[in-house]
Structures are given as C-alpha cells and as structure tokens.
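Okay, everyone, let me pull this one up on the screen. I'll talk through the symmetry and then some packing.

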Protein chains: 2
Amino acid sequence: MNNPSFDANFYAVIPAGGVGSRLWPLSREAAPKFLQDFTGSGRSLLQETFARLAAFLPAERILVVTGLAHSDAVARQLPQLPEANLLVEPSPRDSTAAIALATSVVLQRDADAIVGSFAADHVIIDQAGFESAVAVAAQQAALGHIVAIGINPTSATSAYGYIQTGEQHSDAVSQVSAFVEKPSQTLAADYLASGDYLWNAGMFITRADRLLSAIELTEPELVRTVEKLAAALSAGQHPAADAELWSSIKKVAIDYSVAEPAAARGEMRVVRASFDWTDVGDFASLSNLGDQTSDQVRTLGDVRAVSIDSTGLVVGSGGKVVVISGLDDVVVVDTPDALLITTREKAQTTKDAVAKLRELGHYDVL
Amino acid sequence: MNNPSFDANFYAVIPAGGVGSRLWPLSREAAPKFLQDFTGSGRSLLQETFARLAAFLPAERILVVTGLAHSDAVARQLPQLPEANLLVEPSPRDSTAAIALATSVVLQRDADAIVGSFAADHVIIDQAGFESAVAVAAQQAALGHIVAIGINPTSATSAYGYIQTGEQHSDAVSQVSAFVEKPSQTLAADYLASGDYLWNAGMFITRADRLLSAIELTEPELVRTVEKLAAALSAGQHPAADAELWSSIKKVAIDYSVAEPAAARGEMRVVRASFDWTDVGDFASLSNLGDQTSDQVRTLGDVRAVSIDSTGLVVGSGGKVVVISGLDDVVVVDTPDALLITTREKAQTTKDAVAKLRELGHYDVL
C-alpha cells in the first residue's frame with residue numbers, strides 16, 4: 001500500500017470546503033460538489049481524492065478540513081479517516097485558514113512533518129503520474145522549498161490559472177517565476193505556444209514549519225488564531241466553542257498569502273507533471289468529463305439526451321429525456337427541483353445566478 | 001342558459017383528436033393537450049371548449065368525436081355529455097372523417113340540422129364575442145352557405161392560416177376569396193396591413209346535409225364509409241367492430257376536403273369576428289398565454305423562473321426553479337420525465353424531435 005519513496009513524515013491535507021456555486025444546481029450548500037459523484041465513478045470527488053492519497057499514505061497521515069455543516073457527511077463518506085484527522089472549522093475562512101489549521105495540528109504531532117495540500121474536488125485518473133509528481137515535490141520540500149505542482153497544458157484554456165516557469169533545476173523541477181490568474185483565451189494560446197507555462201493544479205507541498213512561517217510573513221494574526229484553535233481541537237474541544245474567535249480570521253486564499261509572495265521572493269519551485277487533471281470548477285471544465293454523443297452534445301449522468309442541430313453539455317439524472325433543438329454551446333443541468341440553462345461562455349457566471357436566487361428568497365434550492 | 005338567437009337545430013361538434021406533438025413534452029400520446037389544463041384555469045382545454053358551447057346550447061346538441069385511447073378520459077372530463085354524443089373513432093383519420101362522422105350521426109336525428117365544428121384545443125376568453133359570431137354564422141348557414149369564422153388579426157403572426165376576404169355581404173359577412181396556409185412573416189405583415197385578411201379560426205358552420213354533399217364532391221368514398229360507421233354506432237355497436245373498414249378511410253383535413261374547394265367554387269362565406277382567439281398549436285403561440293415576468297421571460301405553470309440576459313418562455317410545474325442565463329428567444333418546457341429546450345423559431349419543429357424520440361425507442365415519453 002505505502003509507496004517507499006515517501007518519508008514517514010509526509011502528510012496530506014484535503015481542504016473540503018466551498019459550496020461550488022459555479023456548479024449550481026448540481027452543487028448545493030447542503031450537498032457541495034466534493035460530496036457528490038460527478039464522474040460517474042460511484043464515489044464522490046472527496047472519496048476519490050482520499051483514495052488517491054490512501055494509495056500511498058496510511059490514513060493516519062491524511063487530514064480533512066471541512067465545515068460544521070458537512071463534517072457528519074465527510075465522516076460517513078470516509079469511514080477509514082481517523083476521527084482526530086477530521087478537522088472541523090467553525091465557519092468557512094478560505095484556504096489559508098483551512099490549510100494552516102491542518103498544518104498546525106500536524107506540527108503538534110511531528111516537528112519535521114512535510115505537508116501537501118490537495119483539493120477535494122479535482123479529478124485525476126493517472127494515479128502513477130500523480131504519485132511520482134508528489135514524490136518529487138516531497139523531496140524538494142524536504143530540501144526547504146515551497147513546491148507547487150504544474151500540469152503540462154494540453155489546451156489553451158482560460159479556465160485555469162497558470163504558473164510561469166523560470167530557471168530549470170532538473171528535468172522535472174523549475175523555479176516559479178510567477179503565478180498568473182485565469183488568462184484570456186488569446187493569452188492562454190501564447191502561454192501554450194511558449195512552453196514556459198504550466199496549469200496551476202493548486203497543490204502545494206512544503207515542510208509544515210516552513211509553511212506556517214511563510215503565512216506568518218503575510219498574515220501573522222491568522223497564524224496566531226489558527227494555532228489557538230488547533231490546540232483546542234487537539235484537546236478535544238468542540239469547534240463551535242471557538243466560533244467567534246475563528247470568524248475574526250481574514251478570508252484569504254493560499255495563493256495570495258503564500259504562493260504569490262513566495263514566488264516573488266524566489267522561494268517557490270514547481271514540479272512539471274503530465275498526469276491528467278481536471279479542476280471541476282464550472283460546467284465548461286465539467287463538460288470535458290462527459291460522454292460525447294454522436295451529435296455533438298456531451299452528457300453526464302443517467303440522462304437520455306437527444307439533440308437536433310445543437311452542441312453543448314447535458315447533465316441529468318433518473319433517465320430523463322432531454323431534447324435540445326437549435327442551440328449552440330448550450331449547458332443544461334437538470335435536477336429534480338432546479339434546472340439551469342445557460343451557454344458554455346456564460347457558465348462562469350452561474351455564481352451570479354445563485355446570488356440572484358438568494359436575493360429572490362429561493363433558499364430551498366441554494 | 002340557451003341563447004334565443006340559436007335555432008333548436010344548431011349542433012356543435014368538437015373533434016378531440018390529435019396528439020399535439022408540436023407541444024411535446026406537455027402533450028403526450030396518453031395525455032394529449034386537449035385533456036390538459038394549459039391555461040391554468042383549472043379546466044382542460046376540452047372542458048373549456050365544452051363549457052363555451054354549453055353556455056348557449058343544451059348538452060344534447062353537443063357532440064365530441066375522439067379516439068378509443070381517450071374516450072374514457074373524455075367521458076370522465078365531461079360528465080354532462082350524453083353517452084350517445086360521445087362518438088369514438090376506431091383509429092384517427094384526420095378531421096374530415098371525424099367531422100363527417102358526427103355530421104352523419106346528427107343527420108340521423110335531425111334532417112334540418114346545422115352543424116358547427118369547434119376545435120377542442122383553442123383558447124377563447126370573450127364568450128359574448130364568440131357567441132355572437134357563431135350566431136351570425138348559423139344564420140348564414142341556414143341560408144345554405146358554408147361559413148367560416150375569421151378573426152381580425154392583431155399581429156402579423158406566421159403561426160396561423162389566413163382567410164382572404166372578397167365581396168362584403170354585410171358588416172360582418174364577406175365572401176371567402178381564398179384560404180392561405182401559414183405565410184412567411186413578411187407576407188403576414190402585408191396581410192395585416194391590407195385589412196383584407198383574417199386569421200382562420202378553423203371553425204366551420206353549415207347545414208349538415210350541405211356539409212356531407214360538399215365532402216362527397218371531393219371524397220365520395222369517405223362519406224360512404226363514415227355513414228356506415230355512424231349507423232353502426234347509433235345501433236349501439238362497439239367502434240372497434242369496424243376498425244378495419246375505418247382504417248381504410250383517407251386521412252384528409254377538412255380544410256382540403258371542404259374549405260378550399262368550396263372557396264374556389266365561390267361557396268364559402270366568412271364571419272369577421274374580433275373575439276380573442278389562440279390556437280394552442282405550438283410553443284410560439286402558447287407563449288402568448290403566459291405571464292410576462294419583469295425580465296422578459298414568460299412563464300406558464302407553477303414554475304419559479306429566474307432569467308439573466310434572456311428572453312423566451314418557460315413552462316414548468318411543481319414549483320421547480322428554472323434559471324436561464326444568456327439565451328434569447330429560448331423555449332424551455334420541463335416535465336418530470338422529459339425536458340425540451342429549443343428556440344421560438346424552432347418550436348414549430350418539435351414534431352421532428354418527437355419523431356426522433358420514436359426512432360430512438362424512447363416510447364415511455366411519447
């Protein structure tokens with residue numbers, strides 16, 4: 001089970017937060033995407049992520065950070081996860097707080113720990129490619145570097161962030177010159193052509209102490225508060241007891257608190273990987289996972305899609321028949337109580353639609 | 001109850017056939033549109049049609065012609081309809097056969113009968129306007145004319161057929177110059193501007209003997225077969241007994257067997273009417289019945305539609321939330337087991353989609 005290339009002090013952290021409102025109505029507050037089977041594998045994205053890590057790590061060295069609302073569901077979905085490794089945030093405070101909390105708990109157990117953080121909602125099929133990239137990153141982390149994993153881009157997508165590579169240290173390892181947020185389609189095409197850019201897979205691997213120090217440089221207050229909650233949780237206190245303190249924490253993504261400043265300081269390295277990787281962030285990316293039907297419409301789920309002069313994506317369930325006629329690049333997501341119809345181009349703005357539903361008081365489908 | 005301007009020999013015939021596949025998935029083989037409440041009135045289109053006629057005619061003089069598959073449902077929906085006035089066709093043979101069958105049965109009861117035929121799936125709100133137009137038509141029919149009812153067009157729609165009027169006989173009555181099938185949008189605009197064209201409401205009023213003679217001119221075989229079934233039905237025979245004979249009847253619309261040839265012979269008159277009238281033939285016309293929401297999307301049924309940068313029609317049920325984003329002139333029709341998404345322009349081709357569903361073997365949703 002365990003991969004000998006990983007030291008006994010490698011820990012994996014899975015932040016399982018975020019409602020994924022860009023995937024509404026599939027993803028809901030009460031049933032976020034990571035708890036759902038989006039790929040038809042029979043397992044949720046979280047279960048897939050856990051299994052991917054458990055293939056080379058003992059469950060004792062995998063931690064999941066989630067919110068109060070989902071901790072029971074996570075525990076049910078991951079019976080192998082030790083109770084002490086399910087860390088519950090009193091409220092969602094974005095990725096820096098979640099990863100810092102887990103890192104802090106790990107540090108209490110192992111002063112030499114190396115932590116890698118892995119999103120709960122990414123899809124990866126190539127297990128061997130994933131393991132070998134993480135192993136290289138862990139070796140780099142042991143040397144004191146903060147390490148990202150970059151995926152060789154296979155298309156000029158504007159749906160992902162990119163990593164600009166700098167000086168090459170070995171076949172697979174380069175310096176990070178900069179992180180670039182989701183570019184325009186034109187810019188993405190330039191990136192792809194240059195060969196100097198990788199997709200940012202949002203995985204960071206580093207020594208636990210090194211990570212907390214890096215966060216402290218930009219968010220010292222955050223680290224102090226997180227350490228208090230980590231100590232309380234480890235002492236068996238209910239997360240809700242520190243709800244007020246926790247809610248004072250600044251919401252900031254790990255990209256802004258650690259990755260970008262560290263890259264600017266020349267402290268980030270990237271492992272160039274070529275495993276397949278999909279960030280199931282919106283319907284445009286989700287459509288890459290679907291089955292291509294003969295007539296240019298992709299489908300996901302147990303749906304009978306029939307298209308006439310149409311292209312796009314149809315997501316459905318229960319064997320429902322969905323007929324699309326005369327629409328190009330349409331995205332149709334049908335659930336029993338809510339239906340979304342938009343275009344691939346507009347799919348990124350589903351968040352706005354969800355905000356509008358909240359304004360209108362349609363809380364039952366949020 | 002009874003309008004004194006109607007003679008005791010005026011009979012109304014309601015042909016209740018036709019699956020209405022252009023309204024799939026609302027209209028199904030097992031639940032055709034005329035059996036459904038399309039307007040939110042609490043009554044089916046057939047019940048509305050019957051009530052509209054029963055307001056000025058005794059139930060004894062209203063006849064409904066329907067297929068074997070729907071006769072039980074029709075009887076349940078119309079408990080006031082005398083059993084002898086529910087005529088069941090062994091198989092659907094289009095409108096000439098249905099109307100000829102009822103006319104033949106009426107003639108057995110009353111040699112001087114005047115019959116008016118009224119589609120089971122049209123929507124009319126202005127009861128007084130309807131009654132007075134039918135009364136004028138009945139008077140014209142008593143004089144020996146074959147009479148159509150034409151609606152003053154209120155828009156240049158290409159969804160309806162038109163009647164070109166000729167010599168004017170009185171304020172409301174003109175000669176019919178010609179029937180024109182659904183015209184292009186441009187032609188429809190010319191028709192509207194000219195003032196010489198009316199919408200063909202598909203209602204024909206004439207003496208019963210005159211109607212059968214007119215059909216005999218174009219379809220003599222059809223009349224002979226229909227008269228046999230009418231005699232058998234009146235003698236109490238089950239309609240299925242004559243299934244084979246009946247299935248030999250030519251399928252032809254009354255427009256082709258009677259209206260157009262009679263117009264060409266100069267034998268048709270039209271009553272110009274101004275009551276509201278909607279032929280719920282497809283989703284483009286159905287959208288005229290919907291509620292206009294503030295953001296340019298019309299809705300029909302118990303549906304919570306939310307639109308962003310979109311226009312069109314949403315039909316739903318069960319309080320389902322439907323979000324449309326970035327689509328113009330879209331038609332969305334959601335039912336528990338089937339969903340149609342098309343454009344207003346393509347709505348006329350829903351028939352083709354239904355044909356494709358049959359090809360693919362999705363019989364459960366036909």
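So, which residue of chain A comes closest to the rotation axis? That's A:Pro336, with its C-alpha at 3.8 Å. Quick caveat: this is a predicted model, so local features need pLDDT of at least 70 and side-chain atom pairs count only at pLDDT 80 or more, while totals for chains, interfaces and linings use all residues. Residues are numbered from 1 along each chain as its sequence is written, with chains lettered from A and ligands numbered from 1 in the order in which they are written.

Back to that axis. A turn of 180° plus a shift of 0.1 Å along the axis lays chain A on chain B with an RMSD of 0.1 Å (least squares on C-alpha atoms of residues with pLDDT of at least 70 in both). The two copies are thus related as by a two-fold rotation axis. And 100% of the contact residues of chain A recur in chain B, so to speak the same surface serving both copies; contact is C-beta atoms, placed from the backbone, within 7 Å.

Now helix α6, residues 208-218 (helices are DSSP runs of H or I, at least four residues, numbered from the N terminus). In chain A, its buried residues are A:Ala208, A:Leu211, A:Leu212, A:Ala214 and A:Ile215, buried being 20 or more other C-beta atoms within 10 Å of a residue's own. They span an arc of only 160° around the axis, which puts them on the same side of α6(A), going by directions from the helix axis to the C-beta atoms. Among the elements covering them are α3 (94-109) and α9 (254-264) of chain A.

How values were computed. Contact = placed C-beta atoms within 7 Å. Buried ≥ 20, exposed ≤ 12 C-beta atoms within 10 Å, placed from the backbone. Helix = DSSP H or I, 4+ residues; strand = E, 2+ residues; numbered from the N terminus.
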